[in-house]
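Thanks for passing this one along. Here are my notes, in the order I would go through them at the bench.

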Amino acid sequence: MGIKEKEKEKAEEEDVIDRDLERLIIPADHIPPPTTTNINGGSELSSASSQQEAFIKLIRSWATKKFITGCVILFPIAITFYATWCFVHFVDGFFSPVYSHLGINTIGLGFVTSIAFIFLVGVFMSSWLGTSLLALGEWFIKKLPLMSYIYAASKQISSAISPDQNSRVFKEVAIIRHPRMGEYAFGFITATVVLQQISGVEELCCVYVPTNHLYLGDIFLVNSKEIIRPDISVREGIEIVISGGMSIPHMMSITDTLMIHRPRIRKYEIPQV
């Protein structure tokens with residue numbers, strides 16, 4: 001019995017070996033070509049796979065760059081359209097409820113009415129009667145404890161871009177040497193001060209240098225001769241500050257060429273009092 005069992009086990013092992021050999025048989029048309037070793041010691045198969053990976057990385061990098069380029073181009077356009085739509089919707093909301101109450105549902109009629117109303121207010125406030133009423137309204141608002149501060153701050157911001165040269169908070173765009181020689185700061189001239197000293201009188205300009213957009217900054221008193229006045233309007237200067245300097249022109253010309261490198265005091269005779 002022991003010999004028969006051994007022969008049976010041997011036959012089973014031979015059957016398993018035969019089945020494994022049948023599984024390993026590959027048709028002739030599916031046999032891969034023999035690999036040859038290249039100069040560097042690698043195989044052609046590994047070289048082809050590395051080239052495929054490099055091609056995939058190249059396509060991925062190209063697609064990423066094009067996608068980011070599209071985002072960069074579409075982002076300002078989307079922000080512009082969104083801000084314009086919000087502005088139109090906000091302005092339209094002043095008079096659209098009135099037209100809706102009257103049964104008139106024309107799209108954009110409230111916006112046109114609001115723009116016409118703002119224009120008429122500007123025309124009326126430019127007259128003597130409008131100026132008098134505005135002064136009376138400002139006097140009344142300044143008597144209120146909380147609204148006076150809000151109105152004063154908002155009026156200064158709106159006066160900065162006012163077309164009236166006399167009512168502007170920012171008179172001119174100025175460039176001063178700050179904080180040390182060889183470095184310059186971008187600011188706005190807000191006022192002119194006459195400094196009376198024992199040796200004479202010196203004319204100083206109050207220059208506001210924004211440090212955080214427009215509502216925070218430093219004030220410097222600089223000699224009027226040491227200020228560089230570029231050929232830039234106040235509105236362009238505000239755009240430069242808000243954009244973080246990205247909208248600054250590549251070349252600027254100086255309107256006031258009278259600029260000195262050394263501080264010099266103007267001599268005046270002080271009248272006897």
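**Notes on the model**

1. Let's start with burial: of the 273 residues in the chain, 16% are buried. Keep in mind that this is a predicted model, so the confidence scores deserve a look before anything else. The average pLDDT of the chain is 76, and 74% of the residues reach at least 70.

2. Where is confidence lowest, and where is it highest? The low end is helix α1 (residues 2–24), with a mean of 64, while the high end is strand β1 (residues 172–177), at 88. Residues 26–31 have a pLDDT below 50, and beyond near neighbours in sequence the model gives this stretch one contact. Residues 35–41 also stay under 50, with five contacts beyond four places in sequence. Where pLDDT is low, the predicted coordinates should not be read in detail.

3. On to the overall layout. The chain has six helices and four strands. Reading from the N terminus, the order is α-α-α-α-α-β-β-β-β-α, so you meet five helices, then four strands, then a final helix. If you take the contacts between residues at least 6 apart in sequence, 38% of them link residues at least 24 apart.

4. The β1 and β2 pair is worth a look on screen. These strands run antiparallel to each other, with six bridges between them. They make a hairpin with six residues in between, and G182 in the turn shows a positive phi of about 95°. What is the bridge partner of R177 in β2? That would be Y184.

5. Now the nonpolar cores. The largest one is made of twelve residues: F170, V173, I175, F186, F188, Y208, I228, I232, V234, I238, I240 and V241. At least two of its residues come from each of β1, β2 (184–196) and α6. Helix α6 gives the largest share, four residues. There is also a second, separate core of nine residues, with I176, C205, V207 and V209 among them. As background, nonpolar side chains in soluble globular proteins tend to be buried together.

6. Helix α6 deserves its own point. Its buried residues are V234, G237, I238, I240 and V241. Why do they line one face of the helix? Viewed down the axis of α6, the buried residues fall within an arc of 160°, so they sit along one face. Just after α6 comes G244, which has a positive phi of about 70°.

7. How many salt bridges does the structure hold? Just one. In that salt bridge the side chains of E172 and R229 meet, at 3.6 Å from N to O. E172 belongs to strand β1 and R229 to the loop between β4 and α6, so the pair ties together parts that are 57 residues apart in sequence. The two ends sit in different settings by the numbers: R229 is buried, at a relative accessible area of 11%, whereas E172 is partly exposed, at 34%. In general, side chains of opposite charge can pair when their charged atoms come close.

8. S233 is in the loop between β4 (216–223) and α6 (234–242). Is S233 buried or exposed? It falls in between: S233 is partly exposed, with a relative accessible area of 37%. S233 and E172 are 61 residues apart along the chain, and their C-alpha atoms are separated by 7.2 Å. So if you have the salt bridge of E172 and R229 on screen, S233 can be checked in the same view, given that 7.2 Å separation from E172.

9. Last, a stop in the helical part. E138 sits in helix α4 (residues 128–142). This glutamate is buried, with a relative accessible area of 13%. Which residues does E138 contact once its neighbours within four places in sequence are left aside? Those are Y151 and K155.

Methods:
Residues are numbered from 1 along each chain as its sequence is written. This is a predicted model: local features need pLDDT of at least 70, side-chain atom pairs count only at pLDDT 80 or more; totals for chains, interfaces and linings use all residues. Side-chain values use heavy atoms; hydrogens and water are left out. pLDDT is the predictor's confidence in each residue, from 0 to 100. Contact means heavy atoms within 4.5 Å. Buried means under 20% relative accessible area, exposed over 50%, partly exposed in between (1.4 Å probe, protein chains only). The arc is that of the directions from the helix axis to the C-beta atoms. A nonpolar core is a set of buried Ala, Val, Leu, Ile, Met, Phe, Trp, Tyr and Cys residues joined through side-chain atoms within 4.5 Å. A salt bridge is a side-chain nitrogen of Lys or Arg within 4 Å of a carboxyl oxygen of Asp or Glu. Two strands pair if DSSP finds at least two bridges between them.
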